[in-house]
Amino acid sequence: MRYHIWTIGCQMNVADSQRVAAGLERLGYTPVERAPQADVLVLNTCVVRQQPEDKVVGRLNQLKHFKERHPDRVLALMGCMVGIKDTGRLQERFPWVDLFLPPSDPTELWAYLAERGDLGEAQTLIADAESRRLALSRTDTILPPSSKATVVSTYLPVVLGCSHACTYCVIPYRRGAERSRPMAAVVAEARQMADQGVQEITLLGQIVDRYGYDLGAFAQADTTPLVTLLYAVHEIEGLQRLRFLTSHPNWMKDDLLRAVADLPKVCPHIEVPVQAGDDEVLTRMRRGYTVNDYRQMIARIRTIIPGVSIATDIIVGFPGETEAQFQNTYDLLEELRLDRAHIARYSARPLTLATRQFQDTLPHEEKEQRRRALDNLQSEILSDLNRRYMGQSVEVLVEGWHARKRRWFGRTLTDRLVFFSGDPDGDWLGRLARVEINWTGPWSLIGEVQPKPEAT
Ligand code: SAH
């Protein structure tokens, strides 16, 4: 029996898909490259913008014929398109889908498979009500055994859902209210990942720096709960690197920044979206900070964490964003010279406050022009910033062999993508390599690898 999982969207979806894969492999399914060959097909979906949603719908429509030809195959729709509540409308629209799974919760898939066949083990995958409320229904292996050898870096969800309700964002309506996973569960999972050969773990949350504030144990503590968690995961042997994302500016406390600076395994890399560089737009987005607050936070991060790299997210063309307001965002990026900006055109999402309160009147071309302007700016900034790496020797955690480029690749502590030449049969995977950089561009670096320690 074979399975195939198609995933789009954020890192959380990637993590959810890995968990589904691990569960399916425990039930005896094996992965298959091509979707039409699968007995169980899972589409893990994203609706944060119109574009991924359109892709999912396209995919679902293709699969209609597939299901007509193969009614015995299982087709499951998972993730943000399904959401946590009513799936009735989806059922009407896509009656050929067998089951609808909420984000981070594949429990019903195990139940469905158990009911269909003699999958005794499926019962043990069905989590109790408590852990189901929190998550991520349990499996013993977090990563599918078949991928064991290749997973160098992986994601570990620690905060599910989100309660902030930025006016543009559909996530709270899809992933539900914010809930942190108990620290013991997170640490146990991280340990299992390390046991499975994982070298780098990225802790995930929509607002990851809010981890633990909803857990009683931390209610009185002076320390930021995420700091306690970072220290605990840091202890795990075998793990080389630790990251966390995404942070919200309002929760970037000094003790968290100090932990990043102090803990050697925690990479000096912070993802903290600004979304807009104009106070009026920020207010209408309900972000909860001003441009100046953000500016000061960046200065604080740079002071406390030496050599830090900082990434941000920006939305262009929010309803009513004037040319002057966009210019403020442009100027802010130019001023702060951040290490990466993920730039998106605003897309009106059902139920969100922005959709209910404001008219999405900016033409697509105007949004695209703004996006391109910012993208050109950041490409200049990154070319410039990356030039500093020229001639330097950097530590790269090797994540794989790039078949087309015929080079090994991995990332620096500061999240720079690095390529280096070498024997494709060499055992670089999962190793920390020393690479001397001799070419730099905005999106990647290339260099010469230095001999492995054993070889010298
Ligand atoms: N909670 C995380 C992730 C949110 S989704 C965070 O705070 O970053 C990832 C990014 O998608 C957001 O940061 C935002 O820049 C973008 N995004 C969210 N909703 C959007 C919308 N309606 N239109 C365009 N971009 C959006």
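The lining of the second largest cavity has 6 nonpolar, 1 polar and 1 charged residues. The model is predicted. This cavity has a volume of about 40 Å³. Its walls are made by Ala15, Gln18, Arg19, Ile142, Tyr155, Leu156, Pro157 and Met193. Two elements, α1 (11–26) and β6 (153–157), each give two or more residues to that lining. Domain 1 (2–133) and domain 2 (145–387) both contribute residues here, so the second largest cavity lies between them.

How many cavities of 30 Å³ or more are there? The count comes to 2. A general point on method helps here. Rolling a probe the size of a water molecule over the atoms shows where empty space is left.

Turn now to the largest cavity. About 40 Å³ of space lies in it. Its lining consists of Val274, Gly277, Thr312, Ile314, Thr329, Leu332, Leu333, Leu336 and Leu338. By class, these residues divide into 6 nonpolar, 3 polar and no charged. Which element supplies the largest share of the lining of the largest cavity? That is α13, with 4 residues. The helix α13 spans 323–336, and β12 joins it in supplying at least two residues of this lining.

The strand β12 leads on to the ligand. β12 (309–316) and β13 (340–345) are the elements that give two or more residues to the shell around the ligand. That shell holds 15 residues, of which Tyr168, Gln206, Gln275, Asp313 and Ser347 come nearest. Sorted by class, the shell has 7 nonpolar, 4 polar and 4 charged residues.

Three of the contacts can be followed atom by atom. Asp313 places an N or O atom of its side chain 2.6 Å from an oxygen atom of the ligand. Gln275 has a polar side-chain atom 2.8 Å from a ligand oxygen atom. Tyr168 makes its approach through the backbone: one of its backbone N or O atoms lies 3.0 Å from a nitrogen atom of the ligand. How much of the ligand does the protein bury? Taken alone, the ligand exposes 530 Å², and the protein buries 88% of that.

Next comes an open space, the second largest pocket. Its volume is about 580 Å³. The lining counts 18 residues, and Met81, Asp86, Arg89, Arg174 and Leu351 lie nearest the pocket centre. Three elements each give two or more residues to this lining: α2 (50–69), α3 (88–93) and α7 (171–175). Of the elements, α3 gives the most, with 3 residues. The lining of the second largest pocket has 9 nonpolar, 2 polar and 7 charged residues. Why does this pocket lie between domain 1 and domain 2? Both domain 1 (2–133) and domain 2 (145–387) give residues to its lining, so the pocket sits between them. The second largest cavity also lies between these two domains, because both give residues to the lining of that cavity.

Two backbone details close the tour. Most residues other than glycine have a negative phi, and most peptide bonds are trans. Alanine 165 has a positive phi of about 60 degrees, although it is not a glycine. Where does alanine 165 sit? Its place is in the loop between β7 (159–160) and α7. The helix α7 was met above as one of the elements that give two or more residues to the lining of the second largest pocket.

The other detail concerns a peptide bond. Is the bond from leucine 245 to threonine 246 cis or trans? The bond is cis, with omega near 0 degrees. Threonine 246 belongs to the loop between β10 (241–245) and α10 (254–262).

How values were computed:
Residues numbered from 1 in each chain as written. Predicted model: local features only at pLDDT ≥ 70, side-chain atom pairs only at ≥ 80, totals over all residues. Heavy atoms only, no water. 1 Å grid on protein atoms, 1.4 Å probe; cavity = no way out; pocket = protein on both sides within 12 Å on 5 of 7 lines; lining within 4 Å. Points joined across faces, edges and corners; volume = space filled by probe spheres on them. Nonpolar A, V, L, I, M, F, W, Y, C, P; charged D, E, K, R; others polar. Domains from an automatic or database assignment. Near = heavy atom within 4 Å. Polar contact = N/O pair within 3.5 Å; in protein donor to acceptor, adjacent residues only side chain to side chain. Areas by Shrake-Rupley, 256 points an atom, 1.4 Å probe, with all protein chains shown as cover.
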